[in-house]
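Biologist: Please take a close look at one part of this model, starting from a single side chain and working outwards. I would like the reasoning along with the values.

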Amino acid sequence: MSSPEGAQESARCLYLDLDSTLLGRGGSLLHDGEGKVTIEGVRAVQACLRAGVEVVLMSGRRSAQVREDARLLGQSSFIYEAGACVVLDGEEHWLTGELLPGELTIAEQIERSGAPALLLERYAGRLEYHEPWHVQREVSHLFRGLVDAGEVDRILVEHGHQSLRLVDNGVVSRRSPALADLPHVRGYHLVPVGASKAAAVAFHRGARGYERAQTFAVGDSREDLACAAEVDVFWLVANAIERDPSMRDALAGHQNVRLCEAGHGPGVYEAVLSTLMGASPRGR
């Protein structure tokens, strides 16, 4: 089918976050953040496919999960474990520096380094594994709690773990009684220092030969927001601000970031239609 009338022909690729962006409550494609039924996320993907725009899912989830989601959308490329790996037409490209899978997975190598144990001990009562989603991961160690990621990175360097960094993936709802006294809880990925969604977007864009002006992205976290440097326009779904008001401060310095009026799937649909139809993006 042809592109929507008036669509920008330069749009070639959308980099799209999953949890709390395309997906609503319970990780559902067909529900918004409040659990109400919506098909706006599906309509957003449909609009991209009709316009010949590649949709590249980018997520902190494991490979098997993102692979199936990409397959359901008819897409052959995706980004998983917070940018640690780009799958391009079925071929894996690791952005993890000297840490590569072999006899041990990268996650097992990180565990043997002692870095996860260091952080759990140092931040007892403020950091724990993000059960049950922390198991069977190939690269990252997934935590939840409330820490200063910049401070953590300095501690990692001080203890000889300069090849690792902590990624702040935004506010999460699940916590154990041990974290009950924290004002809120955030999700964190411990990953190789070279791994990031922004780096993964840059790699994919280069491999495809897309110009920056031909790409856009939609997300909800600080890690997603970093992708603004690699795309023409980055859209932040409204629920990102509702869930974490401090995200407004993170928008400073990004002239190409736009804030959706809607959250989750409806927000993605708003971003896609505004971009494809060439409408003047709403400002912050």
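Modeller: In this predicted model, Phe78 has a relative accessible area of 3%, and because buried means under 20%, Phe78 counts as buried. Its ring takes part in one of the three aromatic pairs counted. That pair joins Phe78 to Tyr80, with 6.1 Å from centre to centre and 40° between the planes, and is classed as tilted. The class follows from the angle, because planes under 30 degrees apart would count as stacked and planes over 60 as edge-to-face. Tyr80 has a relative accessibility of 0% and is therefore buried as well.

From Tyr80 a further contact leads on to Trp94. The ring centres of Tyr80 and Trp94 lie 6.2 Å apart with the planes at 80°, so this pair is edge-to-face. It links distant parts of the chain, since Tyr80 belongs to strand β3 (residues 78–80) and Trp94 to strand β5 (residues 91–94), 14 residues apart. Trp94, at 23% relative accessible area, is partly exposed. Through these ring pairs, Phe78, Tyr80 and Trp94 form a cluster.

The strands that carry the cluster belong to an open sheet. Eight strands make up this sheet, with mixed pairing and the order β5-β4-β3-β2-β1-β10-β11-β12. Its edges are β5 and β12 (257–259), each of which pairs on one side only. From one strand to the next, the twist averages 20°. Trp94 thus sits in an edge strand, because β5 is the strand that holds it and β5 pairs on one side only. Further along the order, strand β1 (residues 13–17) runs parallel to strand β2 (residues 54–58), and five bridges join the two. One position in this pairing is Leu16, whose bridge partner in β2 is Leu57.

Two loops that adjoin strands of this sheet contain backbone exceptions. Asp89 is in the loop between β4 (85–88) and β5. Its phi is positive, about 50°, although Asp89 is not a glycine. With 48% relative accessibility, Asp89 counts as partly exposed; this is because the exposed class begins over 50%. Ser20, likewise not a glycine, has a positive phi of about 65°. Ser20 lies in the loop between β1 and α1 (40–50), and its relative accessible area of 22% makes it partly exposed.

Ser20 also leads to the largest pocket. The lining of that pocket has 41 residues, and those nearest its centre are Asp19, Ser20, Val171, Val172 and Arg243. Two or more lining residues come from each of β8 (164–172), β9 (185–192), α8 (238–243) and α10 (264–276). Strand β8 contributes the most, four residues. The space in the pocket is about 1200 Å³. Sorted by class, the lining holds 18 polar, 14 charged and nine nonpolar residues.

The strands β8 and β9 of that lining lead on to another sheet. This open sheet has four strands in the order β6-β7-β9-β8, with antiparallel pairing. Strands β6 and β8 are at its edges, each pairing on one side only. Here the twist averages 30° from one strand to the next. Seven bridges join β8 to β9, and the two strands run antiparallel. Among the residues so paired is Leu166, with Leu190 as its bridge partner in β9.

The loop between β6 (127–129) and β7 (141–145) contains Pro132. The peptide bond leading from Glu131 to Pro132 is cis, with omega near 0°.

The second largest pocket can be placed by its lining residues. These are Thr105, Ala107, Glu108, Glu111, Tyr129, His134, Gln136, Arg137, Ser140 and His141. Helix α3 (residues 106–113) gives the most to this lining, with three residues. The pocket holds about 160 Å³ of space. Its lining is made up of five polar, three charged and two nonpolar residues.

To return to the starting point, Phe78 is buried and Tyr80 is buried, whereas Trp94 is partly exposed. The cluster therefore runs from buried Phe78 through a tilted pair and then an edge-to-face pair to a ring in strand β5.

Conventions. Residues numbered from 1 in each chain as written. Predicted model: local features only at pLDDT ≥ 70, side-chain atom pairs only at ≥ 80, totals over all residues. Heavy atoms only, no water. 1 Å grid on protein atoms, 1.4 Å probe; cavity = no way out; pocket = protein on both sides within 12 Å on 5 of 7 lines; lining within 4 Å. Points joined across faces, edges and corners; volume = space filled by probe spheres on them. Nonpolar A, V, L, I, M, F, W, Y, C, P; charged D, E, K, R; others polar. Phe/Tyr/Trp six-rings, centres within 6.5 Å; stacked < 30°, edge-to-face > 60°. Buried < 20%, exposed > 50% of the residue type's maximum accessible area, 1.4 Å probe, protein only. Pairing = 2+ DSSP bridges. Axes fitted to C-alpha atoms, helices over the stretch in contact; angles between N-to-C directions.
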